[in-house]
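Biologist: Could you walk me through this protein, slowly and in plain words? I'd like to look at it while we talk.

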Amino acid sequence: LRMCTDYSKKLLNNPSPQLNVAIFNPRSICNKTVEIIEYMNDLNTDVCLVSETWLRKGDSANIKVIKELGYNVISKSRAGRGGGVAFIFKKGLHIKSQKTKNFKSFEVIEGILESSITGIMRISCVYRPGTGKYGKVSDFCTEFEEYLNSMTHLPGKPLIAGDFNIHMEDHKNADTKRFQSLIDSLGFYQHVNEPTHFCEGTLDLVLTCDNVCDSIEMCDLQVIKTVTSSDHYLISFACRFPHQVIPTQDLTLSTRSISKIDMNLFKGDILNSKLNESDSSSNDPNEAVSLYNDELGHLLNKHAPLITIKYNPEQSKWLNAECIDARKKRRKAERIDKREKSTESRVAWVEASKNAKEVIRKTRDKYYNDQ
């Protein structure tokens with residue numbers, strides 16, 4: 001108990017100084033789960049706000065993959081096809097899901113993070129389809145104004161991000177002007193000022209309060225062109241929010257490599273042991289059992305000595321050296337592409353990414369097929 005208390009105090013006294021956040025519209029997470037998690041690993045992302053997840057209620061298969069790769073997920077599915085919003089976050093990070101009103105023109109999921117130093121951060125992931133019966137920006141602005149006003153009565157510094165499907169790069173567009181006027185009037189600031197879509201549109205946005213009391217200090221915002229099939233780019237940034245990410249402690253396990261025993265040598269040693277000596281027979285069952293245990297214990301220690309290993313209970317049981325090597329090659333290819341920015345380096349990065357995804361998928365499938 002004292003060790004656990006000391007460990008908790010150490011974590012509380014040394015919180016992580018910043019929260020690493022990512023925003024991405026993968027246009028279906030179902031076929032990009034591994035790729036998204038790999039980007040989160042590379043960027044050391046604490047929480048990723050995902051729009052257009054396409055996850056359905058009860059979609060346990062994709063959620064299981066996310067959890068096996070070391071992350072938790074809070075998801076809100078759309079009733080029909082497509083859509084959906086979610087938080088994917090590190091297992092040591094505690095996000096409390098919050099109830100929100102269901103709006104007709106956009107989807108939203110909300111959660112809160114608490115810090116003993118900076119208070120509460122209220123995170124919202126938004127997805128506005130931009131099509132359908134309520135696809136007009138005017139409908140969205142009416143409902144979004146209601147949502148923003150509702151947040152002003154709640155505790156916490158708001159961080160609102162996602163795919164808004166409004167072309168913020170087109171300052172002359174009437175819809176853009178209307179939305180910009182709305183967030184200005186309610187004291188919000190929009191941080192993304194470069195294209196987030198392959199058609200050069202600034203559609204994925206990050207909103208925070210513009211006032212001193214509820215503002216969030218942000219830095220290192222970057223827009224990343226991923227090698228996924230999504231037509232959106234990934235946005236990554238850090239914000240000052242000291243918080244605790246409690247790591248899973250390694251556990252120790254004593255085990256033997258029974259499968260590596262040479263059975264012919266083992267049988268030979270049994271035949272040559274005291275168990276087969278004529279004068280070793282005893283009418284006392286206790287002596288016989290003791291001899292049996294001593295001799296076999298000795299031989300077991302000889303052929304399969306007891307070893308102690310460390311393991312992380314949260315780590316995927318199927319994640320092997322081949323997967324780790326494929327990850328390293330993908331990261332190396334990405335670094336080369338960032339440095340050289342050539343067609344050849346881009347192709348090499350794409351191929352390394354595809355290979356890593358395939359290696360991880362096959363390794364996982366083989367592990368469960370063999371169970």
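Modeller: We can go from the overall make-up to some helices, the cores and one loop residue.

Biologist: What am I looking at, and how many helices and strands are there?
Modeller: This is a predicted model, and the protein in it has nine helices and 14 strands. Of its 371 residues, 42% count as buried.

Biologist: And what share of the contacts join residues at least 24 apart in sequence?
Modeller: If you take the contacts between residues at least 6 apart in sequence, 69% of them join residues at least 24 apart.

Biologist: Let's try a helix. How far does α9 reach?
Modeller: Helix α9 covers residues 343-369, which is 27 residues, and it reaches 39 Å from its first C-alpha to its last, close to the 39 Å expected at 1.5 Å a residue.

Biologist: Which of its residues are buried, and what covers them?
Modeller: The buried residues of α9 are S345, W349, A352, S353, A356, V359, I360, T363 and R364, and what covers them includes α2 (33-43), α3 (60-68) and α8 (321-340).

Biologist: Switching topic, how do α4 and α5 cross?
Modeller: The axes of α4 (residues 137-151) and α5 (residues 174-185) come within 10 Å and cross at roughly 5°. Angles under 35 degrees count as roughly parallel, so α4 is roughly parallel to α5.

Biologist: Which residues meet there?
Modeller: From α4, the residues V137, S138, F140, C141, T142, F144 and E145 meet D175, R178, F179 and L182 of α5. Sorted by class, that contact has six nonpolar, two polar and three charged residues.

Biologist: What about the largest nonpolar core, which members touch the most others?
Modeller: That core has 31 residues, and I37, M40, I66 and I88 touch the most other members. Elements giving two or more residues to this core include β1 (16-24), β2 (47-51), β3 (71-76) and β4 (85-90), along with helices such as α2 and α9.

Biologist: What does M40 contact?
Modeller: If you leave aside neighbours within four places in sequence, M40 is in contact with T45, V47, C48, Y71 and I88. Apart from this core lies another, of 29 residues, among them I74, M121, I123 and Y127.

Biologist: Last one: is T53 buried or exposed?
Modeller: T53 lies in the loop between β2 and α3, and it counts as buried because its relative accessibility is 0%, where the cut-off for buried is under 20%. Not counting residues up to four places away in sequence, T53 touches S28, I29, C30, G83, G84, V85 and A86.

Definitions and conventions. Residues numbered from 1 in each chain as written. Predicted model: local features only at pLDDT ≥ 70, side-chain atom pairs only at ≥ 80, totals over all residues. Heavy atoms only, no water. Helix = DSSP H or I, 4+ residues; strand = E, 2+ residues; numbered from the N terminus. Expected span 1.5 Å × (residues − 1). Buried < 20%, exposed > 50% of the residue type's maximum accessible area, 1.4 Å probe, protein only. Contact = heavy atoms within 4.5 Å. Axes fitted to C-alpha atoms, helices over the stretch in contact; angles between N-to-C directions. Parallel < 35°, antiparallel > 145°, perpendicular 65-115°, else oblique. Nonpolar A, V, L, I, M, F, W, Y, C, P; charged D, E, K, R; others polar. Core = buried A, V, L, I, M, F, W, Y, C linked by side-chain atoms within 4.5 Å.
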